[in-house]
Structures are given as C-alpha cells and as structure tokens.
Amino acid sequence: MSLVFKRYYDMKPAEYLIQVRIAAAKQALQAGASVFDAAADSGYTNYSSFYAHFRNLSGMPPAKYRQLFAQNISRAVMDTPIGPLRIVASQDAILCVEPANYLEKKTGQATDQVPADRIIPNGPVR
C-alpha cells in the first residue's frame, strides 16, 4: 500500500501527513492562533517535532511565520530575465525574493496559496 501511495504522491504517507498538518497549522497561525494551539489543533502532541517540521517546510519558526503574516504583507510575481520571481514585502522591508515556483518545489504548496494580506499580481511591490 505504501508503495502505491509513494508512486502516486511521490512521497511516503508519513511525509504527506506532515504536510497536511503543517498546512493546517499555517492556516491557524494566519487566523491568529497561538503557536501552541496551532500545533495541538493540527495533531501534534510533541512540540519539538512540530517546530522541526514547521521550520523544515516553511523555512522559518512558527512564531516568526505568525508574526510575518499577521502584518500587512504584499506579494508579487514578476517576470525577469532569469525567470519569474516571487517578491514578498512589508511596508518596511523586502522579506523574500525567490523563484516563483520555489515553494511548490519545496513543499508542494502552489505559489498563489502563499498567505498575504494584500496580493498585487504582476505589479510592483510598494
């Protein structure tokens, strides 16, 4: 059964479950839940495992993720000579510049699912 799952999803069932749980935790954090509540509500009983999985999949600790996406964040995808780049910025700083498909390759999360308070498609980040 595990081989069929891996062939279809290109990952083990346990890896898939981690991605589903972290996606649920991200939604909870975006909605303002505490890191502890987000971990518990997404099915984690071990906080250190939650922290490690979250950091591995999102590139930052859960508290930082909550802090960043609780602010007014803008996102844009711009075509450049080296390919499309995703730019994430607050009013004060550029937070991230990366290939537009980076998150999709890393976590399976489509670029348009990246949380933002204000989305500026194909426009300049102000």
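## Surface, helix packing and strand pairing

The chain exposes about 8000 Å², and carbon and sulfur atoms supply 55% of that area. The model is predicted. Buried residues make up 34% of the 126 residues in the chain. Contacts with a separation of 6 or more were also sorted by distance along the sequence: residues 24 or more positions apart account for 43% of them.

**Element order**

The chain has six helices and four strands. From the N terminus, the order is α-α-α-α-α-β-β-β-α-β. Five helices thus precede strand 1 in that order, and a helix stands between strand 3 and strand 4.

**Helix packing**

How do helix 2 and helix 4 cross? Helix 2 spans residues 13-30 and helix 4 spans residues 47-58. Their axes come within 10 Å and cross at roughly 90°. An angle of 65 to 115 degrees counts as roughly perpendicular, and helix 2 and helix 4 are therefore roughly perpendicular to each other. Helix 2 brings Ile18, Gln19, Ile22, Ala25, Lys26 and Leu29 to the contact. Helix 4 brings Phe50, His53, Phe54, Leu57 and Ser58. By class, this contact has seven nonpolar, three polar and one charged residues.

Ala25, one of the helix 2 residues in that contact, also gives a distance to helix 3. Phe36 lies in helix 3, which spans residues 35-41. Phe36 and Ala25 are 11 residues apart in sequence, and their C-alpha atoms are 9.8 Å apart. Is Phe36 buried or exposed? Phe36 has 59% relative accessibility. The cut-off for exposed is over 50%, so Phe36 counts as exposed.

**Strand pairing**

Strand 2 pairs with strand 1 and with strand 3. Both pairings are antiparallel. The table sets them side by side.

| Pair | Residues of the partner strand | Bridges | Residues between the strands |
|---|---|---|---|
| Strand 1 and strand 2 | Strand 1: residues 74-78 | five bridges | six residues |
| Strand 2 and strand 3 | Strand 3: residues 94-99 | five bridges | four residues |

Strand 2 itself covers residues 85-89. Each pair forms a hairpin. In the hairpin of strand 1 and strand 2, Gly83 takes a positive phi near 110°.

Which residues face each other across the bridges? On the strand 1 side, Met78 stands opposite Leu85 of strand 2. Val77 has Arg86 of strand 2 as its bridge partner. On the strand 3 side, Arg86 is partnered by Glu98. Val88 is partnered by Cys96. Arg86 thus has bridge partners in strand 1 and strand 3, namely Val77 and Glu98.

**Burial of strand 2**

Why is strand 2 described as largely enclosed? Five of its five residues are buried, so strand 2 is largely enclosed by the rest of the structure. In a regular strand the side chains alternate between the two faces of the sheet. Here, Leu85, Ile87 and Ala89 lie on one side of strand 2, with Arg86 and Val88 on the other. Both faces are covered, and these residues are all buried.

**Val97 in strand 3**

Val97 lies in strand 3. Which residues does Val97 contact, leaving aside neighbours within four places in sequence? They are Leu85, Arg86 and Ile87. Val97 and Arg75 are 22 residues apart along the chain, and their C-alpha atoms are separated by 9.9 Å.

Methods: Residues numbered from 1 in each chain as written. Predicted model: local features only at pLDDT ≥ 70, side-chain atom pairs only at ≥ 80, totals over all residues. Heavy atoms only, no water. Axes fitted to C-alpha atoms, helices over the stretch in contact; angles between N-to-C directions. Parallel < 35°, antiparallel > 145°, perpendicular 65-115°, else oblique. Contact = heavy atoms within 4.5 Å. Nonpolar A, V, L, I, M, F, W, Y, C, P; charged D, E, K, R; others polar. Buried < 20%, exposed > 50% of the residue type's maximum accessible area, 1.4 Å probe, protein only. Areas by Shrake-Rupley, 256 points an atom, 1.4 Å probe, with all protein chains shown as cover. Pairing = 2+ DSSP bridges.
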